[in-house]
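Student: I would be grateful for a close look at one part of the structure shown below. Please begin with its surface and then proceed to individual residues.

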There are 2 protein chains.
Amino acid sequence: MLNNLTDHIKKFIDLSDTDIELINLAVAVKSVKKKAFLLQPDQSCKEIYFVSQGCLRLYFINKKLNEQITQFAIENWWLSDYYSLESGKPSNYYIQAVENSEIISINKNKLEELFKKVPRLERYFRIVQQRAFTAAQKRIEYIYSFSDEERYRNFSKRFPEFMQRIPQYMLASYLGFTPQFMSKIRAKKD
Amino acid sequence: MLNNLTDHIKKFIDLSDTDIELINLAVAVKSVKKKAFLLQPDQSCKEIYFVSQGCLRLYFINKKLNEQITQFAIENWWLSDYYSLESGKPSNYYIQAVENSEIISINKNKLEELFKKVPRLERYFRIVQQRAFTAAQKRIEYIYSFSDEERYRNFSKRFPEFMQRIPQYMLASYLGFTPQFMSKIRAKKD
DNA sequence: TGATTTTCTTAATCTTGATTCATTTTTTGA
DNA sequence: TCAAAAAATGAATCAAGATTAAGAAAATCA
């Protein structure tokens with residue numbers, strides 16, 4: 001549903017019918033099956049992804065050869081490897097669908113053209129980026145404030161619905177500890 | 001020097017002389033003595049800060065009553081508590097000068113007015129926020145990729161000049177470990 | 001629906017970095 | 001310039017969470 005994107009944008013800026021048409025011409029809608037990849041290491045990232053429906057994860061393989069998830073994206077979130085996108089360098093990351101998902105993508109160059117045609121979109125993305133940055137900061141604050149066990153309990157209190165949607169080992173990875181440790185703390189009390 | 005700010009902006013977007021005037025009218029320049037505070041907990045954060053000269057740090061007091069630094073800002077970096085800024089809620093953070101510094105501040109409301117007069121600034125801040133987010137992501141990647149010792153060695157290789165500017169205990173705090181542990185790994189080899 | 005793959009659990013041992021407490025070195029400011 | 005405060009070091013003990021190695025339970029799919 002293309003509307004999911006423009007509806008989201010309308011929460012932050014006004015859009016004329018022409019604006020909406022221009023946006024819809026610039027984007028592409030993809031149905032992505034669970035476990036399918038939108039980005040793999042050594043590809044350079046050319047697009048940003050808006051989750052219209054479903055869930056994506058961003059992860060890399062660390063030195064111990066485990067998957068390390070650094071972000072999830074659910075409905076109304078953007079996801080990309082901005083480092084690769086900006087630098088043009090090959091990514092270290094995978095972007096993979098955690099569920100069957102509907103994704104709206106915009107190519108980097110098309111987005112630049114779109115900014116020229118609809119300059120107010122700069123404002124929308126400024127706000128979106130600021131929020132993403134704020135969330136990343138909060139995450140760093142949490143990492144340094146709480147023990148792994150506390151972060152797990154905290155997360156399960158704050159996002160009980162989301163926990164239903166993903167396997168536990170993915171949450172363990174996102175929180176930065178092993179599935180074994182997660183079992184241990186879950187066994188204590190839940 | 002007001003020029004430091006407009007010069008930085010000009011790296012990303014074109015500015016007319018009028019734009020520059022409007023920007024300079026909206027901002028305030030402050031000389032900030034080492035250890036002076038720009039923000040303290042329970043105040044709500046009303047401004048964003050651009051470091052024209054010097055160094056700022058953003059930190060909070062964690063549950064163990066230690067200072068936890070989450071960001072530094074040196075020349076040409078912006079710093080703020082965006083969470084407090086956006087929500088209007090009282091901050092949990094201190095923003096403090098690490099060195100005698102020259103800081104250019106913009107009040108939140110003045111910035112909104114300025115965006116109306118110079119809409120291209122939305123683009124500048126979009127790019128700045130995207131880079132800040134990318135840096136925060138990289139930081140999270142590092143936290144989960146490397147041991148504390150590896151992160152220390154990594155940091156000292158990548159930013160030798162910056163390490164000269166700040167006390168070691170601040171770097172230990174930023175990297176998330178104790179000064180004692182830092183002494184230990186420095187003693188091994190340097 | 002049964003076989004295979006994926007996910008979760010348990011337990012023993014090991015490691016990294018915290019804690020505590022004391023001392024030394026460096027910086028600052030009156 | 002010297003006293004006080006701030007910063008860095010050292011060593012002993014401790015704890016959170018990793019690792020390793022099974023095995024059990026759930027989900028998937030042909």
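How much area does chain A expose, and what share of it do carbon and sulfur atoms supply?

Tutor: The model is a predicted one, and every value that follows is computed from it. The area that chain A exposes is about 9500 Å², and carbon and sulfur atoms supply 51% of that area. Buried residues, those under 20% relative accessible area, make up 51% of the 190 residues in chain A.

The overall form of the chain gives this surface its setting. Chain A contains nine helices and eight strands. Its radius of gyration is 18 Å, close to the 16 Å that the globule rule gives for 190 residues, so chain A is as compact as a globular protein of that length. Taken along the principal axes, the box filled by the C-alpha atoms of chain A is roughly 55 × 35 × 30 Å. Among the contacts of chain A with a separation of 6 or more, 69% join residues 24 or more positions apart. As for charge, chain A carries 30 positive and 22 negative charges, and the mean positions of the two sets are 6 Å apart.

From the whole chain one may turn to a single interior position. I95(A) belongs to strand β7 of chain A, which covers residues 94-97. Is I95(A) buried or exposed? I95(A) counts as buried because its relative accessibility is 0%, and the limit for that class is under 20%. Leaving out residues up to four places away in sequence, I95(A) touches A36(A), F37(A), L38(A), L39(A), Y49(A), L56(A), R57(A), L58(A), L79(A), S80(A) and D81(A). One of these partners, R57(A), is 38 residues from I95(A) along the chain, yet the C-alpha atoms of the two residues are separated by 5.7 Å.

The second copy stands in a simple relation to the first. A turn of 180° with a shift of 0.0 Å along the axis lays chain B on chain A with an RMSD of 0.0 Å. This is the relation of a two-fold axis. Of the interface residues of chain B, 100% are also interface residues in chain A, so the copies meet through the same surface.

In chain B, the loop between α3 and β7 deserves attention. Y93(B) is found in this loop and is buried, with a relative accessible area of 5%. Apart from residues up to four places away in sequence, Y93(B) touches residues of chain B, including L39(B), Q40(B), P41(B), L58(B), Y59(B), F60(B), T70(B) and D81(B), and it also touches E141(A) of the other chain. By contrast with these contacts, Y93(B) and Y142(B), 49 residues apart in sequence, are 23 Å apart in space, C-alpha to C-alpha.

G88(B) lies in the loop between α3 (82-87) and β7 (94-97) as well. G88(B) is partly exposed, with a relative accessible area of 45%. Once neighbours within four places in sequence are left aside, the contacts of G88(B) are S44(B) and Y83(B). Q43(B) is 45 residues from G88(B) in sequence, and their C-alpha atoms are 9.5 Å apart in space.

Two further loops of chain B call for a remark on backbone geometry. Most residues other than glycine have a negative phi. D42(B), in the loop between β2 (37-39) and β3 (47-53), has a positive phi of about 80° although it is not a glycine. D42(B) counts as exposed because its relative accessibility is 68%, where the class requires over 50%. N76(B), placed in the loop between β5 (67-73) and β6 (78-79), likewise has a positive phi, near 75°, and is a residue other than glycine. N76(B) is partly exposed, with a relative accessible area of 30%.

A strand position completes the account. S31(B) lies in strand β1 of chain B, residues 27-32, and is exposed, with a relative accessible area of 72%. S31(B) is 74 residues from S105(B) in sequence, and 11 Å separates the two in space, C-alpha to C-alpha. The strand residues discussed here thus include the buried I95(A) at 0% and the exposed S31(B) at 72%.

Terms used:
Residues are numbered from 1 along each chain as its sequence is written. Chains are lettered from A and ligands numbered from 1 in the order in which they are written. This is a predicted model: local features need pLDDT of at least 70, side-chain atom pairs count only at pLDDT 80 or more; totals for chains, interfaces and linings use all residues. Side-chain values use heavy atoms; hydrogens and water are left out. Copies are superposed by least squares on the C-alpha atoms of residues with pLDDT of at least 70 in both. Contact means heavy atoms within 4.5 Å. Helices (H or I, at least four residues) and strands (E, at least two) are DSSP runs, numbered from the N terminus. Buried means under 20% relative accessible area, exposed over 50%, partly exposed in between (1.4 Å probe, protein chains only). The radius of gyration is taken over C-alpha atoms; the globule rule is 2.2 Å times the number of residues to the power 0.38. Accessible areas come from the Shrake-Rupley method with a 1.4 Å probe; for residues, only the protein chains shown count as cover. Lys and Arg count as positive and Asp and Glu as negative; His and the chain ends are not counted. The place of a charge is taken as NZ of Lys, CZ of Arg, CG of Asp or CD of Glu.
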